[in-house]
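Please open the structure in the viewer and keep the selection tool at hand. The tour proceeds by short stops, each with something to select and something to inspect.

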Amino acid sequence: MQCGETNQQWPPPPPGASLPPDMLANIHGRLSLLDRLSFAAVFHTSRAAFRPEAPWLVLPGDTRETATLFSLSDRGAATARAQWADHVVLGSTSRCWLVTADDEARLRLVNPVTGERCALPAITTIPGLIEKWGGFTMVDQKEFLRGPPYPGGGDRRPVGTYTIRADLMRHFFYRKVVVSDCAAMLITTPQLGVPAFATAEGGEWRLAPSRDGVEDAIHYNGKFYSITYKGGVEVWEQSPDATGMFTSAVIAPRLPNADGDPWSCRKYLVAAPGGRLMVVLEDSKEIRDEYDGRLIRTCSFKVQILDADGEQWKETDDIGDAALFVGVNSSMCVSTREHPEIRAGCVYYTKNDVGPCNDAYDQSGVGVFNLKDGRAEKVQGLGQHRNWPPPAWFIPSIQ
């Protein structure tokens, strides 16, 4: 057949493309979890009519080549083949892609639905960083130093650039990566708390000054926000001059009683749909199981909300028709009016202290904490699973 002999569209539209969006939405809502995503990928032009997905969990599969996707709406799981299944999830984007790090510490953006991937800049050397006892510390650089000087005193090695083993980089150095359309913010481990930024134009990571150390960060309404280990909330701006450096400004009073061991008391920054900032405080401790004597790590949560004037924090156990999701890769607030299958007034969490040395096969890595009655429960429908790489929240999207 020669060109011009037909007016047929190429490639041809999928069967049912002429159906009205409300009918496609009705079909979409009746499908199982993976079929729903495939349907949305085919009929992407009508995606706006489909009911948005509630948060999902991505969990390690039974093999290095598979991942388990768990839907809170369906209370069911499905297995997906994924080349990134054994990577550590460090963050997520506004377009619902995940940020992962592989065994060689290479950072990638991954769409967990379609499997698409693209590379992010990798950190292989850090100025002023030395390796010590399997971890890292900054020396003699007060503008990047959090806490006391080089621990242990004594041998003070000169400031320089030190190459870091990739396996240690992934397990001990990366903590979280927050990505916008044109820039990314990386947070290092509690030993450092040093933020670094990379832009689409620059293509490499550059450290940014933070005297109190950044513990958590989000990207909201076009800006990066962070909370420090001492409870200060900052907004980050890129300098318009040739340096392109990111600097921070404090925008809220310090969170009361925020100091504490970052390994047992953690802070997550969250932006509510209306723009108000919230901080979720996680307090974890070890207790001995009364039956077999094992040490079990338990956690509880409190929420602080910044008032409308941005001048005072207030603790609350009433967050309205919303649920909070916190964990190793993301912090978000989700409306329970739009997703009635999610429990209002609760914190859905994945544990942040899971490491490759304690890859248990159980349900300990994920839970739901009720703010009003102060009780933690299991996620309904979620059975036993591996805990390394750590489970991570994401909202599926076809982009």
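The stops below take up a sheet, a glutamate and the cysteines, in that order.

The model on display is predicted.

**Stop one: an open sheet.** Begin by selecting strands 4, 5, 6 and 7, which form an open sheet in the order 4-5-6-7 with antiparallel pairing. Which strands stand at the edges? They are strand 4 (88-92) and strand 7 (117-119); each has a single partner strand, so one side of each is left without a neighbour in the sheet. From one strand to the next, the twist averages 30°. In general, the strands of a sheet pair through backbone hydrogen bonds.

Next, restrict the selection to residues 98-101, which are strand 5, and residues 107-110, which are strand 6. Four bridges join these two strands in the antiparallel sense. To view one bridge, select V99 together with L109, its partner in strand 6.

**Stop two: a buried glutamate.** Move to strand 21, residues 277-288, and select E282 within this strand. E282 is buried yet has no salt bridge. Add R266 to the selection: this is the nearest side chain of opposite charge, and it is 5.2 Å away. A salt bridge would require a distance within 4 Å. Which side chain makes a polar contact with that of E282? Select Y268, where the contact is 2.7 Å.

**Stop three: cysteines.** Select C299, which counts as buried because its relative accessibility is 12%, and buried means under 20%. Then select C346, which is also buried, with a relative accessible area of 0%. A search of the whole structure finds zero disulfides.

Conventions: Residues numbered from 1 in each chain as written. Predicted model: local features only at pLDDT ≥ 70, side-chain atom pairs only at ≥ 80, totals over all residues. Heavy atoms only, no water. Buried < 20%, exposed > 50% of the residue type's maximum accessible area, 1.4 Å probe, protein only. Lys, Arg positive; Asp, Glu negative; His and termini not counted. Polar contact = N/O pair within 3.5 Å; in protein donor to acceptor, adjacent residues only side chain to side chain. Disulfide = S-S within 2.5 Å. Pairing = 2+ DSSP bridges. Axes fitted to C-alpha atoms, helices over the stretch in contact; angles between N-to-C directions.
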